[in-house]
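Here is a friendly tour of one protein model, moving from single residues out to the whole chain. Please have a look at it first.

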Amino acid sequence: MKAAVLVEYNQALTIEEVDLRPLGPSDVRIEIDASGVCHSDLNVWQGNVPFLRPPLILGHEGTGRVMEIGRDVWRVSVGDRVITSFVGACGYCWFCVRGDTHLCEEVDPSHTDTKGLLVSGSPVEALNHLGTFAEELVTDEKQVIPVQTDLPSDQLALIGCAITTGVGAVLNTARVEPGSTVTVIGAGGVGQAVVQGARIAGASRIFVVDPVEFKRSAALRHGATDVIDPADGDPVDHIRSLTAGRGSDYAFEVVGMPQTMLQALNISRRGGTTVFIGIPKLDAIVALTGYQLQAEGKRLMGSLFGSANVRRDFPRLIELAETGRLHLESMVSRHFKLDDVNQAFHELEAGTVVRGVLC
């Protein structure tokens, strides 16, 4: 089968023939129908996650159908439609039993495992144990969730990362209250999902900060009430001027840069909540003053995969989409063939898409 393989950081992915490894007892083989192209994939391609080494099949946000199962598999059956989950959920570790399946101890999403052999005979690994930039993949059943829906595959794939991460950060991590004010810094795919989550939660005003006009316009379509170009002045001052000098009840940072992380903290009001979603470089340091957290009563939270319980939340998100309250079609800016994956990366880096999808 064909897969898009990272052979060298910052060099074009190559389309390679891969001989997938045989199924283990708990493995499933999936034919991929669609895969979203996420900024996390771009980060790996750029070498910002140096412990993830080539050769590596990228991609972690996908959907497809089960073609074959190992002898001990019980969660899915051949023919099932599934969404991949880059965070596994075993269901029985200490965190899973508490409902915190996004922190599952059994599957570390930062690790990779051998997926097969290249034609050259070299072993190739896969990002997040998945590697959805491919025609097929083999992974443990812990990382696939069966779903029953007629949603198109290009939309369904986004639930595997962007939608769950963004909407989940609002509903699960921060638990935004109706009537609240919400600020979102960064309006890429996950940021747009945060905007939709805030709209679904009943936020009264949703401020979006992004330097790209295309993304600000998309945010307005997804529920933002105010959009701010940081080139027009300090967003902290701007948002305080719109909130009687207080600041936002909730601020979500979806960029992963120390300066915007600090900016989000400053935008949140006294007693407000700041949520870090964006993935910073491994050596990034955010210099916070203890006074802001203690004397101003602020709450600072990190959100991994929207604090999601995927077996609960994937079906919930599908129902929101099927009933028109979660807009997936407008999240897909452009479709690409697997052979055009490098063009998809280029457009993601240039900020000309909300989400590109390989299908």
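A residue counts as buried when its relative accessible area is under 20%, as exposed when it is over 50%, and as partly exposed in between, using a 1.4 Å probe and protein chains only. The model is a predicted one, in which local features need pLDDT of at least 70 and side-chain atom pairs count only at pLDDT 80 or more, while totals for chains, interfaces and linings use all residues. Residues are numbered from 1 along each chain as its sequence is written, and side-chain values use heavy atoms, with hydrogens and water left out.

Helices (H or I, at least four residues) and strands (E, at least two) are DSSP runs numbered from the N terminus. Contact means heavy atoms within 4.5 Å.

Let us compare two residues:

| Residue | Relative accessible area | State |
|---|---|---|
| Gly233 | 32% | partly exposed |
| Gln263 | 17% | buried |

Gly233 sits in the loop between β13 and α7 (235-241). From Gly233 to Arg98 the C-alpha to C-alpha distance is 44 Å, with their positions 135 residues apart in sequence. Gln263 belongs to helix α8 (residues 258-267). Apart from neighbours within four places in sequence, Gln263 makes contact with Ile185, Asp234, Pro235 and Val236.

Now to helix α6. Which residues of α6 are buried? Within residues 213-222, they are Lys215, Arg216, Ala218, Ala219 and His222. These buried residues lie on the same side of α6, because they cover an arc of only 160 degrees around the axis; the arc is that of the directions from the helix axis to the C-beta atoms. An α-helix has 3.6 residues a turn, so residues three or four places apart point the same way. The cover over the buried residues of α6 includes α5 (189-201), β12 (205-209) and β13 (226-228). After α6 comes Gly223, with a positive phi near 125 degrees.

Finally, the whole chain. The protein chain has eleven helices and 18 strands, and 55% of its 359 residues are buried. Its C-alpha atoms fill a box of roughly 60 × 40 × 40 Å along the principal axes. The radius of gyration is 20 Å, which agrees with the value near 21 Å for a compact globule of 359 residues; this radius is taken over C-alpha atoms, and the globule rule is 2.2 Å times the number of residues to the power 0.38. Among contacts with a separation of 6 or more, 70% join residues 24 or more positions apart.
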